[in-house]
Protein chains: 2
Amino acid sequence: MLTKSSTELVRQQNSSLVLAALRRKGSLSHTEIAAQTGLASATISVITAELERAGIIAKIEQHVQGGRGRPRVLFAPRRTSGYVIVVRISSDTVQYSLVDYGGVLLDRFEEARSHDSSGTAAFGRLFTAALERLLNRSHIAKDEVLAISISSKWLVAADGARLVWSPVFGDEQLDFEKLLRPEWRARVMLNNESLLVAQALAVRAEEKEGGFRSLAVVSLGHSIGLGLARKGRSGELDVSAPNFGHMLHATSAGLCRCGSYGCIEAAAGFYGILRTAFQVPSDTIPAKFVPLSEMDKIAASARQGHRMAGYAFRQAGVALGNGISRVISLYEPMPIFVTGQGTRYFDLLHKGLTEGLAQSLQVRLEGLPEITVLADEQRLVFDGHLDRALSAIDADIAAAGHP
Amino acid sequence: MLTKSSTELVRQQNSSLVLAALRRKGSLSHTEIAAQTGLASATISVITAELERAGIIAKIEQHVQGGRGRPRVLFAPRRTSGYVIVVRISSDTVQYSLVDYGGVLLDRFEEARSHDSSGTAAFGRLFTAALERLLNRSHIAKDEVLAISISSKWLVAADGARLVWSPVFGDEQLDFEKLLRPEWRARVMLNNESLLVAQALAVRAEEKEGGFRSLAVVSLGHSIGLGLARKGRSGELDVSAPNFGHMLHATSAGLCRCGSYGCIEAAAGFYGILRTAFQVPSDTIPAKFVPLSEMDKIAASARQGHRMAGYAFRQAGVALGNGISRVISLYEPMPIFVTGQGTRYFDLLHKGLTEGLAQSLQVRLEGLPEITVLADEQRLVFDGHLDRALSAIDADIAAAGHP
DNA sequence: ATCTATTTTCTCGACTGTCGAGAAAAAAGC
DNA sequence: GCTTTTTTCTCGACAGTCGAGAAAATAGAT
């Protein structure tokens, strides 16, 4: 249902717009803001004055330019007006980063994870301690942190900040919101890494040309992830991370780590490929962790023509292709981007992938989707984090208004 | 990307809101509108005055009420301020209905379709002629028709008003927009019937309690349709009709009418069930049309314990269950509603359906989705038509403003 | 028949917001 | 020091919403 609108909302929306423009371009002058946003010059004056008074943006000194008339003065987000903590959780390490409101990385460290003493409670203690350490090192107070953006490769609840399932914690849920709530005022966000990559790519695609409609990111590795970014009817970006890895592929794919049979992951995840390559019975409970070197060996023998190894990769490709064809059926045709450690085996997966894709009507009607392998995943994930966290903060600021 | 907002947009939004409230409740007084919309009384005065002056709404005479104070005067959409034509295309007949702006059915007739002389051009001529006839019978001018809402059970392009694939026209596309454009000023809308049912159900669910998030409608029949309704983050309803029937189920399902192998429809559509029941080779090009009586016979023998007939229905159920589990994986858990002629065999499908559903992690985590069989599909489709067409008209009116 | 209590609708002034045009500011060129 | 050019700021007009209270219209009481 629609909700009522008012002049305050108008201001809120337009403030957001100005902040978003500033964010995208780094710094802009009065006239440039007007051009970017389409707002009247007078409106820009009012909004920038308000944001400057609130200490959210500031004029930049250096005006190096050789124009004729009155020099432009640039506005930019005031870097010290807030901070974001970015946390990337992977199976063997946790990376903590501190970023200021201008999007500049201030500090970063990693902590190895001890696989034995895990359990959500213990992890929670280590986690909060690490956050404290991050702040201490840069002399920043807890309530200057406006957002904590966390990511993992595993299943995340769409509503809150709950980690629903992971190979490390199993079915035990981990609620970061609850973990941090009384002490931290920061907004807590938890997202799947593929979602963040999709977000970053979508933002880039939007910059480039207006033709962007939707895209999908498939992450290949120990587990299989999917990030989906689509432009809604009203023009806003809608990103999500559906449960692709554990979507049903075919019961023949065998037992999955999650306990079900026939997940895509059970065929296309590292342990699934290993199981097929070594002809382990498909109802064997799969290995907790497959070292990359092991996978490299299988890939090498596949490239040398070893039948079963080659088949394992091909069958993984078919599982992915079928899965993607289903995504396309249930959403719409869209370009596919592939990331993750598994991309190094893409040559081996490729044939099965196109084969698996070609089986559906949608693909037959619209042709094969464009498939691109991504190199700089690290960077994209981080960009996605910042994009989401900072624009969430911007929205909060615009909503707070003039108190 | 966000777009700029302005005071005009505020008015537009709030006008829409008033119209929508009036539409839902039929007629409302000044105070009731204020309560429904949350707008201030003064604002209601301005907006209703404007809409009344434009002839979109009118005061209703009869004020039967036994209150004390000043009697309420009711506003209602003025029935003669516009008309909608609703067209339902099915494989053997086309139904044309004329409805006024108040949502009241004025006239309706059906035309049988001759299966031999079909072809999009011939159909187009019959179609436009029928529209003319509908108007003549009620003495309504062409430019009083503000929307033409068309539906079929087949595949529809998400962007325009193009019928992309149907068992009758095959790959030949039928573009209604192009067919009607120069002569008719009406907005042309083409939707899948399952989408319309989903829309109608979603609107009802929203009325009832605020707890509505999403739902899916599966239509069983000669072909298999899916309608999806979800509440977006900003609270607006997002309905779609993904290509569920031709989503890949499993290659073992055999050749589909669409030319691919392994579509859900090839297993769960009427001809798929028939093929399995009679053990026809699964790469046989399936029957163009299976009479309902034939299906009834198979069902009867299945209920009497005939093995192959029972298996055919069960395997159809599994295909549906697997498909729905994939929808749930790629979207979110949601209640399922089943419509279409095939619901009369639901007892036979049910076991396979739950079996097919239970195979996925998502279902294991969240439990089986609630499944409801719908009785009054006719009514729901029509309601969906009206809901979409009338609210689209309302939006147009609000956008037009005071010219 | 008139008055009063009650309820609904309408109106007025205050406030917030956007916009266009032109004034003011600030630098470069002459 | 004056002019030109470009940018930023300011002012008045206009559109929209809101709260409060005035006006309208009825039922019941006197």
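1. A residue counts as near a strand if one of its heavy atoms lies within 4 Å of it. With that cut-off in mind, here are some friendly notes on this predicted model. Of the atoms of DNA strand D within 4 Å of the protein, 67% are sugar or phosphate atoms, and the rest belong to bases.

2. Who surrounds the strand? DNA strand D has 26 residues around it, and the closest are A:Thr31, A:Arg70, A:Arg72, B:Asn14 and B:Ala42. Sorted by class, this surface has 12 polar, seven charged and seven nonpolar residues.

3. Both chains bring helices to the surface near DNA strand D: H2 (30-37) and H3 (41-53) of chain A, and H1 (7-25) and H3 (41-53) of chain B, each supply at least two residues. The largest share, four residues, comes from H1(B).

4. Some backbone contacts are worth a look. A backbone N or O atom of A:Arg70 lies 2.8 Å from a base oxygen of DNA strand D. Phosphate oxygens of the strand are found 3.0 Å from a polar backbone atom of A:Val73 and 3.1 Å from one of B:Ala40.

5. Now to helix H9 of chain B, residues 292-303. At 1.5 Å a residue, its 12 residues should span 16 Å, and the end C-alpha atoms are indeed 16 Å apart, so the two agree. After H9(B) comes B:Gly305, with a positive phi near 100°.

6. Which residues of H9(B) are buried? They are B:Met295, B:Ile298, B:Ala299 and B:Ala302. Seen down the axis of H9(B), these buried residues fall within an arc of 100°, so they line one face of the helix. Their cover includes helices H8 (270-277), H10 (307-330) and H11 (346-357) of chain B.

How values were computed: Residues are numbered from 1 along each chain as its sequence is written. Chains are lettered from A and ligands numbered from 1 in the order in which they are written. This is a predicted model: local features need pLDDT of at least 70, side-chain atom pairs count only at pLDDT 80 or more; totals for chains, interfaces and linings use all residues. Side-chain values use heavy atoms; hydrogens and water are left out. The expected span of a helix is 1.5 Å times one less than its number of residues. Buried means under 20% relative accessible area, exposed over 50%, partly exposed in between (1.4 Å probe, protein chains only). The arc is that of the directions from the helix axis to the C-beta atoms. Contact means heavy atoms within 4.5 Å. A polar contact is a pair of N or O atoms within 3.5 Å; within protein, one must be able to donate a hydrogen and the other to accept it, and residues adjacent in sequence count only if both atoms are side-chain atoms. Ala, Val, Leu, Ile, Met, Phe, Trp, Tyr, Cys and Pro count as nonpolar, Asp, Glu, Lys and Arg as charged, and the others, Gly among them, as polar.
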